[in-house]
Amino acid sequence: MTPYASEYEGVRLLSGTVDAAGRTMGVYLFGAGGLLIDTGSSRMIAQLTPVLRTWNLEQAVLTHYHEDHSGMGRWLTEHWNLPVLAAEATRRIVAEDAPLPDYRKAVWGPRPGFETRPLPGVVDAGIYRFHVIPTPGHSADHVSLYEPRQGWLFAGDLYVTDHPRVSMAEEVTADLLASIRRVLDLDFRVLFCAHRGVLEDGREALKRKADYLERLRERVYQLREAGLGEEDIAQTLFPQPEPLEIWSSGDFSRLNLVRACLKTTGGKTGP
Ligand SMILES: [Zn+2]
């Protein structure tokens, strides 16, 4: 299958897809100057490398360690000698083979360990200069890349949806909200989302997400103060099972989202 490739304001977009258990999952890779932002997963090597080969890449940056973003890292470092830059926390994780749950290995493919290089505060990529903005919450190691002159924000998985109804166990809503506020202080116009592509109304989209999460968090705390346990809160707020929850065997779940809301900054469960 030929992957979908396009261009926006000189940024190259490449959408990698995988089919698993009746669902098609995708992730975007972006190219700006000689810089590749995220690598795609290991199951996408045959699909994406013929296109990536034409991009004259000099280096790659990882927004975070998840295998849909980093899974091709080993192949790119071994076969193309491409330097892959990553935040310290990301580097420690991707240095080892990922211990993935079976369904994630089946969907995205394995994520073998690979060598990365330290990520400077500013990444030079030809005419572009990307400022690295720590944006934890989706995962603790997550960073976004901001190009001030172009008004671009490459936000990895910071956005994805403005209305999440499930989450993974590691997510921390308080951190996610602080990260969204941090990037909204920047003067960006366009949001490049790893699962949605280009969002020209990226600022508004992130504001919608922050508003939704703030309201949700408030509601979760109210219900807990009223004496409900985590599972009852999840059932009250989201009575219907989510397709992603069933498909991921509960890795993404409504309960995880409630727990994410109850964690305080840095991931501790709140008072
Ligand atoms: Zn992710």
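This report walks through some hairpins, a sheet, two helix contacts and one loop residue.

The model is a predicted one, so local features need pLDDT of at least 70, side-chain atom pairs count only at pLDDT 80 or more, and totals for chains, interfaces and linings use all residues. Residue numbers start from 1 along each chain, following the sequence as written.

**The hairpins**

A word on terms: helices (H or I, at least four residues) and strands (E, at least two) are DSSP runs, numbered from the N terminus. Two strands count as paired if DSSP finds at least two bridges between them.

Strand β2 (residues 11–20) runs antiparallel to strand β3 (residues 23–32), with 9 bridges between them. Along that ladder, L13 sits opposite F30 of β3. The two strands make a hairpin with 2 residues in between, and A21 in the turn has a positive phi of about 45°.

β3 then goes on to pair with strand β4 (residues 35–37), again antiparallel, through 3 bridges. Here A32 has L35 of β4 as its bridge partner. This hairpin also has 2 residues between its strands, and G33 takes a positive phi near 60°.

**The sheet**

Further along there's an open sheet of 6 strands, in the order β8-β9-β10-β11-β12-β13, with mixed pairing. Its edges are β8 (122–125) and β13 (197–199), each of which pairs on one side only. From one strand to the next, the twist averages 25°. For angles like this, axes are lines fitted to C-alpha atoms (for helices, over the stretch in contact), and angles run from 0 to 180 degrees between N-to-C directions.

At the β8 end, β8 pairs with strand β9 (residues 128–134) in the antiparallel sense over 4 bridges. D124 stands opposite R129 of β9 in that pair. Helix α7 packs on the sheet, where it touches β11, β12 (190–193) and β13, and its direction makes about 65° with that of β12. Touching, or contact, means that the C-beta atoms of two residues, placed from the backbone, lie within 7 Å.

**Helix α7 and its partners**

Here are the two helix pairs that involve α7.

| Pair | Axes come within | Crossing angle |
|---|---|---|
| α6 (residues 173–184) and α7 (residues 202–225) | 10 Å | roughly 150° |
| α7 and α10 (residues 254–262) | 9 Å | roughly 90° |

That crossing angle makes α6 roughly antiparallel to α7, a label for angles over 145 degrees, while under 35 is roughly parallel, 65 to 115 roughly perpendicular and the rest oblique. On the α6 side the contact residues include L176, L177 and I180, and on the α7 side they include L206, A210 and L213. Sorted by type, the contact has 8 nonpolar, 1 polar and 6 charged residues. Ala, Val, Leu, Ile, Met, Phe, Trp, Tyr, Cys and Pro count as nonpolar, Asp, Glu, Lys and Arg as charged, and the others, Gly among them, as polar.

As for the other pair, α7 is roughly perpendicular to α10. L216, R217, V220 and R224 of α7 meet V258, C261 and L262 of α10. That contact comes out at 5 nonpolar, no polar and 2 charged residues.

**A loop residue**

L158 lies in the loop between β11 (152–154) and α6. L158 is buried, with 27 other C-beta atoms within 10 Å; the cut-off for buried is 20 or more such atoms, with 12 or fewer for exposed and partly exposed in between. Leaving out residues up to four places away in sequence, L158 touches T135, H138, H142, S144, S179, I180 and V183. One of these, S179, is 21 residues away along the chain, with 8.0 Å between its C-alpha atom and that of L158.
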